[in-house]
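Me: Please take a close look at one part of this model, the sulfur cross-links and their surroundings. A connected account of the local geometry and packing would be appreciated.

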Amino acid sequence: MAFPGVPLMLLVGALARIPGSEGGKETPAVHFLLQQKAECRFLNGTQQVRLLDRFIYDRQEIARFDSDLGKFVAVTEFGKVDADYWNSNKDYLQYKKAGVDSFCRNNYEAAQTGQMVGRRAKPTVTISPTKMDPTSPNTILLCTATGFYPVEIEIQWLKNGEPEKEGVAFTEELQNGDWTYQLQVMLETQPQRGDVYTCKVEHASLEAPITVQWEPRSSSSARSKLWTGIMGAVIGMAFLAVGLFSYLKSKKATPIQPPAALMN
């Protein structure tokens, strides 16, 4: 398993004038953002180390140095010129290759001391149902795992014990700002009474997967109809009892007439 090392990020904000602004008229400056993000990946401690030095322009990676390849690689056509130029500079290329030792391995011990390497934080898992459209039979089930570290995690939806693949959507992992992450997985479904939905989470911090279940309940309209039927039945039984009591009482109050032959 690969563990990301301590990232080094260099943010460079470059200001440039729009062409044609010369000649006395000032035009508002345009901001361009260049990011350089170095990433160390360790396998079996420092036995196998990979350095990725990424160059990102306006939130899109354009080129990277990959120590496994020993050279720069263009990610987009825009980064090809830079990658070719850096690869042609043998001194600079040698300097980047040495970064595996000078940057990654050199910082590994410090990362261990700071409990960043090998650190584990267990996720908290919750399920929340919602309806995007009240008239639709579909229900959105949202499984949220938060507070976990490292970032690698597997979340799966199950319906009645079987994996669900249709209607499943994943968000991107979000950083919480405390060296932990959160991830949400959505399931759009039509729950029926008796169905059992399970969110299953597997993570390096867990000895066994976390499973959280959700079962659909009767709708408010269905419950209202049920109570209406029950009350109607109770009222009907009450009227029947009153009517039967009145009938029996009237029969008891009527005197029994003797046969006509005896009266003569």
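**Disulfides and their surroundings**

Reply: The torsion about the S-S bond of C143 and C199 is about -75°, so this disulfide (a pair of cysteine sulfur atoms within 2.5 Å) is left-handed. C143 belongs to strand β8 (residues 139–148) and C199 to strand β14 (residues 197–203), so the bond ties together parts that are 56 residues apart in sequence. Helices (H or I, at least four residues) and strands (E, at least two) are DSSP runs, numbered from the N terminus. The model is a predicted one: local features need pLDDT of at least 70 and side-chain atom pairs count only at pLDDT 80 or more, while totals for chains, interfaces and linings use all residues. Residues are numbered from 1 along each chain as its sequence is written, and side-chain values use heavy atoms, with hydrogens and water left out.

The S to S distance between C143 and C199 is 1.9 Å. C143 and C199 are each buried, that is, under 20% relative accessible area, with exposed meaning over 50% and partly exposed in between (1.4 Å probe, protein chains only).

C199 also appears in the largest nonpolar core, a set of buried Ala, Val, Leu, Ile, Met, Phe, Trp, Tyr and Cys residues joined through side-chain atoms within 4.5 Å. This core has 19 residues, and I153, I155, W157 and C199 have the most contacts inside it. Two or more of its residues come from each of β7 (124–130), β8, β9, β13 and β14. Beyond its neighbours within four places in sequence, I153 is in contact (heavy atoms within 4.5 Å) with P123, A145, F148, L183, V201, E202 and H203. Another core, of 16 residues, lies apart from the one just described and includes C40, V49, L51 and L93.

C40 leads to the second cross-link, for the count comes to two disulfides. Here C40 is joined to C104 with an S to S distance of 2.1 Å, and the link is left-handed, with -80° about the S-S bond. It connects distant parts of the chain, as C40 is in strand β3 (residues 30–43) and C104 in helix α2 (residues 90–113), 64 residues apart. C40 and C104 are each buried. With bonded cysteines counted along the chain, the pattern is 1-2, 3-4.

Certain backbone features can be placed relative to these elements. The peptide bond from Y149 to P150 is cis, with omega near 5°, and P150 sits in the loop between β8 and β9 (153–159). W179, although not a glycine, has a positive phi of about 70°; this residue is in the loop between β12 (174–175) and β13 (181–189). W179 is partly exposed, with a relative accessible area of 47%. D58, likewise a residue other than glycine, has a positive phi near 50° and lies in the loop between β4 (48–57) and β5 (60–66). At 40% relative accessibility, D58 is partly exposed.

Aromatic packing completes the account. Ring pairs link F55, F65, F72, W86, Y92 and Y95 into a cluster; rings of Phe, Tyr and Trp (its six-membered ring) pair if their centres lie within 6.5 Å, and planes under 30 degrees apart count as stacked, over 60 as edge-to-face and the rest as tilted. Within the cluster, F72 and W86 are each buried.
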